[in-house]
Amino acid sequence: MRINNSNSIDSSKVIKFYFNGKIYTAFEGDTIASSLISNGIFFTSRSIKYHRPRGVYSHSFEEPNSLFEVNSDETYEPNVLSTRENIYEGMKIKTINSWPSLNYDFFSFLTLLSNFLKAGFYYKTFFGSNYLWKNFFEPFLRKMAGFSKAPNKIDKFKYSKKHIKCDVLIVGCGPSGIAAALSLYKSNLKILMVDDDSSPGIKLNEPNEKEWFINTKKELGDKVEIYTNTTVFGAYADNYLTAVERINEKNNRNKLKTRLLLIRAKKVIFANGSIERPIVFPNNDRPGIFLSHSSTYYLNKFGVLLGKKFILFTNNDFAYADILNLQKNGSEIIAVIDVRQNLDGYLPKLAEAKGIKILKGFVISNTFGKKKIKSISVTSLANNRSYNLSCDCLLVSGGFSPSIHLHSQQGGDISYNHDICGFIPDKFINHQICIGSLVGKNSFIDCVESGINGGNYILNEFGFKGYLKPDLSEFKAIKYGKVIPFWAVDTNAKLESKSFVDLQNDTTIADIKVANLEGFRNPEHVKRYTLNGFGTDQGKTSGIISLGIISKEINQPIEKLKPTTYRSPFIPVTFGVLAGRQIRELSDPIRRTALNKCHEKLSAVFENVGQWKRPWFYPKVNEKIDQAIFRECLSVRNSVGILDASTLGKIMISGKDSLTLLNKVYTNNFSNLGIGKIKYGLLLKEDGMVFDDGTTTKLSENRYLMTTTTSNAALVLDWLEEWLQTEWTNLDVFLTSVTDHWAVITVSGPKSRHVISKLNPSISLDSEDFPFMSYRQVNLAGIACRVFRISFTGELSYEINIPWPNATYIWNKLLDAGSEYNITPYGTETMHVLRAEKGYPIIGQDTDGTINPIELGMGKLLSNKKDFLGKRSLSREFKSDKYFVGFKTIDPNLIIPEGAQIISLDRVLNNDKENLDNLLINGSLESEGYITSSYFSPILDHSIALGFLNSGKEKINTDEIFYATGDNNELIRTKIVSPVFYDEKGLRKDG
Amino acid sequence: MLFIKCPYCGERDESEFHYGGEADISRPEEPSKLKDIEWGNYLFMKKNTKGIFSEIWSHSSGCRKWFRVDRNTVTNDIIRVYEINK
Ligand SMILES: [Zn+2]
């Protein structure tokens, strides 16, 4: 019910929205929660486990009950927190976890079974039968319990990020935060303030307190940057904090939903307050039951009253301010139920003076009302006598728990404080302080003083001297009565199963007791067994209550128990918030070669290789992938092909100790490499495992060009730099990445010489003048190029390095020159097939970081004349004798799947082939090896595969038949051959 | 996220840096003369100090220089950053 209009809403702007299909109105500035309450809607949801009626319970991020699905033109959003989401025109809000409808819920019978569905029920019942779980229990449970469905629509909202550096970050703009800013703002320090709410200070009731707050904010003016509607959700090392700013729907034409603030502050002041907690009693979950402070919030902020006839249940004085505020606004106060016998504080006395009935030493023993609270039973602690009271709103306050989450996320210590019955930060983290109700101050004047002192302390840290000593004498220090630790009302066992500790997870007192009985005594264990503290609210209202209950059950003082670990994020954060604009094509940089347009023109299909886009194959019209690869492979073997190899890593090595470096890192000796000559080399990590391979060319004295695999280009450069900078610091060597300075076009095939010579008929390309594994600086079609005679296909090949801007020009010249030979562009797939036919391993595909060069068949590349990285590791004794071999299937058309296991013939025959899966799993059938690369070879008209096999070296070209595990348990018969399938003698490389 | 002062560039976010582990692990002069266990110690055994720990970092998204950091592994406080050979 709305009784007046506050300045937080714009009553001139009526907003229409839908709740479960029915149309309602609210005002701009309303949250979903205030919109529903102002329309008299209290029953909003069903609980997760028992499907009990629930309603809005609180006013902020602690809300456990009212999560909704929200549909709009822009998006579908699951699990939207009603207390933190503003209403907007046309918003479609839907209840979750009820079926077929909120009012007639099929699963609500579960509440009758609550005595059976205790903690551990799921573990005990569903553990055992895999079949029943998969086919019956899981589908059933998924339908009846849970949150919203995952979105399947594209989110049309936009999300943004902002990096902010500041001198002081103040988290929380309540009285203590504002007071801290007052101490600081004249210093010229850059001060940033952040508050979760859109109207900080809105809960202040006393006129002079409100006035001080407004005036102080005015005084701060633009000297302090304030972000409201912004929640800090992560606190990390060195004062790095992450916050999400919810962009107000007002004036939001860009559809910007949130902004992620990434804040680095020199000093942080935590003034983020405390969270009201309830007291647990039977049937404490009915719609119409609220945290006490929420009544003040909804009234002051939205002009909305939570009911007409109020009852307050409390163990502290602070909640009396809420009830007095309600009375002032014309509400009927039925009674205050106070668990304390002696009330000596100012506020209870004031309440009594204003005619409010206080039942001292009473507790609530039950509540009534099916879909909304109607009445309660109260019981005297002294004589156990009970009677009933009717109401339409029940407020509950069990005291205030400091919001220690951000302090604790960083590993900050906490300790139990008996004055407030809660945990407070114990020792502040370096460059941080905590103030206000976060450290247990609860009155306005205490919070302001704590803020002023905190601000002065930080001022001092920055070297400023003048302290602020404001006159606060107008605020009378009123006497507050003591809060007593009172977590839950003691009842009989039957009612315990309806006394909810964690409303979101339907965890009851009975559940916690069961967990304790079964030996789960540590709060972390209780949490996992009962789910208390999980979910979107992460137990913000229930955490400490569960500690109180455990403490009583296991007879340990609460201060000896530790709350469960707090981790980021403090509130649920969507993927959109974190991703910001780094989605789709902006999620990762895309690297394209100089020839990208040429490939597109040839309708290449691209594949991602790291960040690079590489042509995978070039299909002609109506050509399938297999046909394209077949055609490309044969063209290279029979005539000439052309490949964009620009992504190959290229590192310029220069300086007078370049050779020394090469000899230290490569396994083979580079000392005898002449100018213009090329050598293949292998790089090992110190553990002796193959890290990368490539060729290195001596361009001139003390200048080398090293190539690496595409995927390892950056890693190899970093690794070389690390050795040079940290170990071999006296070497005179400079490394420069030239990967995208030089485009690379490989022309390969028996006709390649003819094609190249057309671009410069004056040079001699025959093998005597330009032999294999040598390099020439050559002018091609007027462009100075570097040409390398190396081959990854086994055919006569020229790798042409062209200055990046000239690449397209040369590519087109080569296509023209090759047209009479039907020059064929080929992609990475053909490249892989051709190299596999030659048995060349690809580092990272055929190796996995656990393969040493001997296993890879490259033992002869290990120099015995010099040391090299990884050498010592290879002189250990090896248990494995696996070896890189070729696999040739008996049926030439069967292609072994990559990753297949190899099984030896005898063992398969001695075992039951039908049960292959089980044999492999239970270990009675051991794998003898595995397949790393597998293709169909067009030139051989035969399937080929590469991989590793135990004792593989001895098995090559024997008659022994091995079995490879195919798809669907079929076994593929294969022989072991040399990995070089084609042109074993290497005669084709010279054309 | 740590805030690290590169000795060459100044203060930057940790995300610009690459961690290199314990400092002062020198590659043995003549690995071939080491026993397996000694070589294994060089390769794999790290101090894993609780408290002030000397380690190397590289400003991989910046100047690409390696440098040393003395960091308290308990509090994450960085006590000193300095060039590698000092
Ligand atoms: Zn730097």
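From the N terminus on, the elements of chain B follow the order β-β-β-α-β-β-β, giving one helix and six strands. The model is predicted, with scores of ipTM 0.97 and pTM 0.89. For chain B, the average pLDDT is 94, and 99% of the residues score at least 70.

The table collects further values for chain B.

| Property of chain B | Value |
|---|---|
| Span of the C-alpha trace along its principal axes | about 45 × 30 × 20 Å |
| Exposed area | about 5,200 Å² |
| Share of the exposed area supplied by carbon and sulfur atoms | 47% |
| Buried residues among the 86 residues | 38% |
| Contacts joining residues at least 24 apart, among contacts between residues at least 6 apart in sequence | 45% |

Attention now turns to the nonpolar cores. In soluble globular proteins, nonpolar side chains tend to be buried together. The largest nonpolar core of the model holds 45 residues, of which L169(A), I263(A) and F270(A) touch the most other members. This core lies between domain 2 (158-274 + 402-461) and domain 3 (277-399 + 481-560) of chain A, because both domains give residues to it. A second core, separate from the largest, comprises 33 residues, including I756(A), L780(A), L796(A) and Y798(A).

The surroundings of L169(A) can be described in detail. When neighbours within four places in sequence are left aside, L169(A) is in contact with L192(A), V194(A), L241(A), I263(A), A265(A), K267(A), V268(A) and I269(A). One of these partners, I263(A), is itself among the three residues that touch the most other members of the largest core.

Note on methods: Residues are numbered from 1 along each chain as its sequence is written. Chains are lettered from A and ligands numbered from 1 in the order in which they are written. This is a predicted model: local features need pLDDT of at least 70, side-chain atom pairs count only at pLDDT 80 or more; totals for chains, interfaces and linings use all residues. Side-chain values use heavy atoms; hydrogens and water are left out. A nonpolar core is a set of buried Ala, Val, Leu, Ile, Met, Phe, Trp, Tyr and Cys residues joined through side-chain atoms within 4.5 Å. Buried means under 20% relative accessible area, exposed over 50%, partly exposed in between (1.4 Å probe, protein chains only). Domain bounds come from an automatic or database domain assignment. Contact means heavy atoms within 4.5 Å. pLDDT is the predictor's confidence in each residue, from 0 to 100. Helices (H or I, at least four residues) and strands (E, at least two) are DSSP runs, numbered from the N terminus. Accessible areas come from the Shrake-Rupley method with a 1.4 Å probe; for residues, only the protein chains shown count as cover.
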